[in-house]
Structures are given as structure tokens and as C-alpha cells.
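Please open the model in a viewer and keep the sequence panel at hand. The tour below proposes a series of selections and states what each one shows.

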Amino acid sequence: MKEYWTMLASLMGALAFLQGVLHAVFPAELRAALARLLGRLTRAFSPYCYFDVTETDGMSNNEIYDAVQLYLSSTAAPASGARLSLTRPHNATSFTFGLAASDRVVDAFRGAAVTWEHVVAPRQSPGFSWRPLPEEKRRFTLRIRRGDREKLLPAYLDHILATAQEIRRRSQDRLLYTNARGGAMDSRGLPWDPVPFKHPSTFDTLAMDPDRKASIMADLRDLAAGSSFYERTGRAWKRGYLLYGPPGTGKSSMIAAMANFLGYDVYDLELTEVSSNAELRKLLMKTTSKSIIVIEDIDCSVDLTNRAALPPAPKPRPTLDGAIDQDAGAASGRSITLSGLLNFTDGLWSCCGSERIFVFTTNHIEKLDPALLRSGRMDMHVFMSYCTFPALKILLKNYLCLQDDGAEVMRGLEEWIEAAEITPADVSEVLIKNRRNGKERATEELLEVLKTRAEKRRLDGGKAAAAAKDNDEEEEKRALESPKEGKGPAGKDSCGDGQDEETDAKKQL
């Protein structure tokens, strides 16, 4: 054993002597050149290609580095079993996983395997710098096979950037925007005021026929995944929805469910605060992609009912001193017109963004101009009807956790729900008031409300029919008596043909 340690010490001494001789004979520049040459020879015969993605590019951050970190945190890293670092960015709703130092992970794209390695090295003490640099140098190293280079680059990097952007958008809180009064700008120079969007409505809780909800969800999925389709067909990447129906049928809840389903921001456009068509276009230009632009109660916002019924624009008129009053002629340019709104939804200005949805709501669809309702502007017309029995079962599940379809009360609800013509909002109010009384008591109270409303509608319908009948009889009586008004005091027809007129009137009746 003693001889072994003596031999090992002699060998290490010889190696140290040789290292000193090499450093003395060969300068540092020559050794570096030999190391580079050896590396080139190794890479020349290696079947792999290596790409470094550094954290910083000069004095600015590298966008690809942040995208790779997000991409690996959501796709490859959690499934690889590697050691991960856990973080949560500010104003985010989900956690982010990251690769630890000197760890690697394997990913696949288009059937080709790639390897990512996270390299962390200490940074040498720099000189004076206007911007403080991190203490460590970080980078991702991508290793791919030479034969897969044409297949992976740049398609793989584009896929990483798109995925990271989608992850970043979904992890952040959604916002609800409203336009400022008079087009005023906020501190960021934008005409929209944002607030966090926390509406809990989803398609699972929305009181609507399941088949209709399924068709709307399928249409929204096609829109979100239709980039190549809209590019191939030459159409603007947008969609228009018209939600119409009585008040309280869930139009606002439908908009919130669409936003939560797609993860889009919502822009609530108040037309009464917009002074001109030019300002309307500016508001559209300041909206982002992947958003929903909403105009609620469009029939009550501005007068957009019928272009033929609109009054003509006032002409310039002379004043008392003979000058022309230009304010009268320019007044029409300071208000929104139907043409401006049509260009807003389907004109050239509507193509300044992508993947957007325009949603109009109204309680009276018959008041809107037909040009506003055609396909291309409002692609889907969704009638928000009174509460049906499938929608009622969703409400009972939401408020009472009730799913028993065979109870006697449920059969009564199914029998009376159509005749009552009650809105989901009214049903929800009844269930909220009776939720502490138990499921049975709440459903019985709802059944009584439905019976009362159905009986009232029946009585109101009978009275309306009787009033209409009396009105028809009164009109018939007036039509029979009207020819006799032309007779003179002697009882003779002053025109000589009163009897013929009375006969003609009877024939017409």
C-alpha cells in the first residue's frame, strides 16, 4: 500500500512538471488556437449541430431566451422528470417551471428529437457599465442532428415563439376595457381604460340549450385555429355575433363565457361617448388582437335604425351679417353614422388586427338596419330565448346541485316552463331567494311561480283577444255608418247615389 501511494505521488509530480514545461514552451495564444482546432475537428465529424441562445443580446434581453424558457416550462420540462425551478411572474395566474442549472431535457418536433441544455456560468467582473448585469451568464444550448436542420429551422423556433406567446397571454389576467369620454388618452397614450376582468361565467354554467352551446363553441374553436383558413380564403380573421332577445336572457353572460373560453380581452365600446367616425376608427386601431369588441344595446346607443329614415344633413346657412355658418354643415361630421359603423365592422379598417370578435346585443332586432345584419358583419345570429327545460336543469344544477329528472316536481316544471315564458334571470332570482329552504322547497316555489306566470299570460291573452274583437266590430260599425253621413235633411241622398254607396260598402266588408 505504501508503494502505491509513493507511485501515485511520483506520477502527479511528473504531470505537474510536464504542465509547467508546456506552459513555458507554448504560449497561451498557441494553446487556445490548438483547443479551437481540436474543437473544429470534433464538430466536423460530429453528427450534431449546436446552437446557443443567450439570455442577453448586447445590452438588451433576448426574446428567444424568454420564449424557450416559457416553452420548456409548459411542454417538455414537466414531462421529462428533470429538476425544475418554480416561479410565478407578477400579474400572472399560473406558475412557471424552469430548468435548473446544467440540466437538460429532450423534446420532439415533426418526428425529430432535439435536446435542450441550460448552461449557467459565473460572469467575470466587468468594467464600468451603464446597465447592471446579472452575476451569472445563462444560455440554452440546442442540439439537433445535421440531417434534421432543414426540417427544424426556422419552423421549430417559430413554433416556440407562438407557443410562448399563447402561454404568456393565458397566464396573465384578462382585462375589460372601456373607451374614455371624448377620446381622452390615459397615461400610456391609449383611449381605453382597463380593469381586471373577473367574470365567472362559462359555457358550463350558461343557461342555454346544450346543442346551441355546442355549435357556438365549435365555431369559436374554428376561429381560434383558423389562421391558415382565413389566409387561404382571403378573408379578414374576425367573426361577428349578434345576440338578440328579451332582457334577462343571458346576453352579457354569453359574452363573458366566450371571453373565458378563448382567453380574450374584452373591449366594451360605448357609442354615446364617441363623437365622430374618425374617433371610432382610432378606437379600433388601439385594440389588440385576440379580443372581443362589444357594443351592447346597439339599438339604444345611437340612431342606426334605417338609413332611409335618417334626416338629411343640414346645409350651411347664412348668418345675419351675411357670412356662412359652417357649424351647421359640419355637425353631421361630428356624429357616428351608419356608414361609419359598417366600415368599423366590415370595412378596410376592420382588418388592422387579427383574431377578433365583434359582438352586438339588442332587445329589438327589428329596429336595426338590414345592412348591419348581413353575413360578413354579423355572421352568427344567436337568439337568446326564454328559459327552456334544458336551460332550467342547468340552473337547478348550478344553484341547488339538483340532477334528479324523475321527481314529480321536475315533471311539473317541464310541463309549465314553456307556457310561463320566464327568463333565466327571473328563474335565478327565485332560486337565490329559496336556496336556504332546501331543494324540495325551492323547486316547489319555482313551480308555483311558473304556474302563476302562465295563468297570467293566459288571462292577458284572453283580454287582448277580446279587445281586438271589440275593435274589429267597432271598425265594421263605423264603415257601415259612414256612407249615410252624406244624406240631406229630407232623407234623400244629396248626391243622388247614397244607396249605391251603402251597397258597395257592405260588399267591401
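Begin by selecting helix H9, residues 251-262, which lies across strands S11 (238-244), S12 (265-268), S13 and S16. The direction of H9 runs at about 170 degrees to that of S16. The model is a predicted one.

**The seven-stranded sheet**

Next, select the strands beneath this helix together with their partners. They belong to an open sheet of seven strands with mixed pairing, in the order S10-S9-S12-S13-S16-S11-S17. Where are the edges of this sheet? They are formed by strand S10 (192-196) and strand S17 (380-383). Each of these two has a single partner strand, so one side of each is left without a neighbour in the sheet. From one strand to the next, the twist averages 20 degrees.

Within the sheet, narrow the selection to strand S13 (residues 291-295) and strand S16 (residues 356-362). These two pair in the parallel sense, over five bridges. To inspect a single position of the pairing, pick Ile-292, which stands opposite Ile-357 in S16.

**The four-stranded sheet**

Now move to the open sheet of four strands, whose order is S1-S8-S7-S6 and whose pairing is antiparallel. Strand S1 (48-54) and strand S6 (103-109) stand at its edges; each has a single partner strand, and therefore one side of each is without a neighbour in the sheet. On average, neighbouring strands here are turned by 25 degrees against each other, direction ignored.

Select strand S7 (residues 112-122) and strand S8 (residues 136-145) as a pair. They run antiparallel and are joined by eight bridges. Val-119 may serve as a landmark, as this residue stands opposite Arg-139 in S8.

Two helices can then be added to the display:

- Helix H3 (residues 63-74) packs on the sheet and touches S1, S6, S7 and S8, with its direction at about 70 degrees to that of S8.
- Helix H6 (residues 155-171) also packs on the sheet, touching S6, S7 and S8, and its direction makes about 105 degrees with that of S6.

**Backbone details**

Stay with the segment that leads to H6 and select Leu-153 and Pro-154. What kind of peptide bond joins Leu-153 and Pro-154? The bond is cis, with omega about 0 degrees. Pro-154 is placed in the loop between helix H5 (149-152) and H6.

Two further positions deserve a selection for their backbone torsions. Most residues other than glycine have a negative phi, and most peptide bonds are trans.

Cys-401 has a positive phi, near 55 degrees. Its place is in the loop between helix H14 (389-400) and helix H15 (408-420). Is Cys-401 buried or exposed? The relative accessible area of Cys-401 is 59%, and the residue is therefore exposed.

Glu-421 likewise has a positive phi, near 50 degrees. This residue is found in the loop between H15 and helix H16 (424-433). With a relative accessible area of 30%, Glu-421 is partly exposed.

**The largest pocket**

Return to H6 and display the pocket surface, if the viewer offers one. The largest pocket has a volume of about 400 Å³. Its lining comprises 19 residues, and those nearest its centre are Arg-169, Gln-172, Asp-265, Thr-288 and Ser-289. Which element gives the most to this lining? H6 does, with four residues. H6 and strand S9 (175-179) each supply at least two residues of the lining. Coloured by residue class, the lining divides into eight charged, seven polar and four nonpolar residues.

**The enclosed cavity**

A search of the whole structure finds one cavity of 30 Å³ or more. The largest cavity has a volume of about 30 Å³. To locate it, select Ala-236, Trp-237, Lys-238, Ser-350, Gly-353, Ser-354, Arg-356 and Phe-358, which line it. The lining of this cavity divides into three nonpolar, three polar and two charged residues.

**The whole protein**

Finally, clear the selection and view the entire model. The protein has 18 helices and 17 strands. Of its 509 residues, 33% are buried. Among the contacts with a separation of 6 or more, 69% are between residues 24 or more positions apart.

Note on methods: Residues are numbered from 1 along each chain as its sequence is written. This is a predicted model: local features need pLDDT of at least 70, side-chain atom pairs count only at pLDDT 80 or more; totals for chains, interfaces and linings use all residues. Side-chain values use heavy atoms; hydrogens and water are left out. Two strands pair if DSSP finds at least two bridges between them. Axes are lines fitted to C-alpha atoms, for helices over the stretch in contact, and angles run from 0 to 180 degrees between N-to-C directions. Contact means heavy atoms within 4.5 Å. Buried means under 20% relative accessible area, exposed over 50%, partly exposed in between (1.4 Å probe, protein chains only). On a 1 Å grid over the protein atoms alone, a cavity is a set of points where a 1.4 Å probe fits but cannot get out, and a pocket is an open set with protein on both sides within 12 Å along at least five of seven lines; lining residues have an atom within 4 Å of a point. Grid points are joined across faces, edges and corners, and a volume is the space filled by probe spheres set on the points. Ala, Val, Leu, Ile, Met, Phe, Trp, Tyr, Cys and Pro count as nonpolar, Asp, Glu, Lys and Arg as charged, and the others, Gly among them, as polar.
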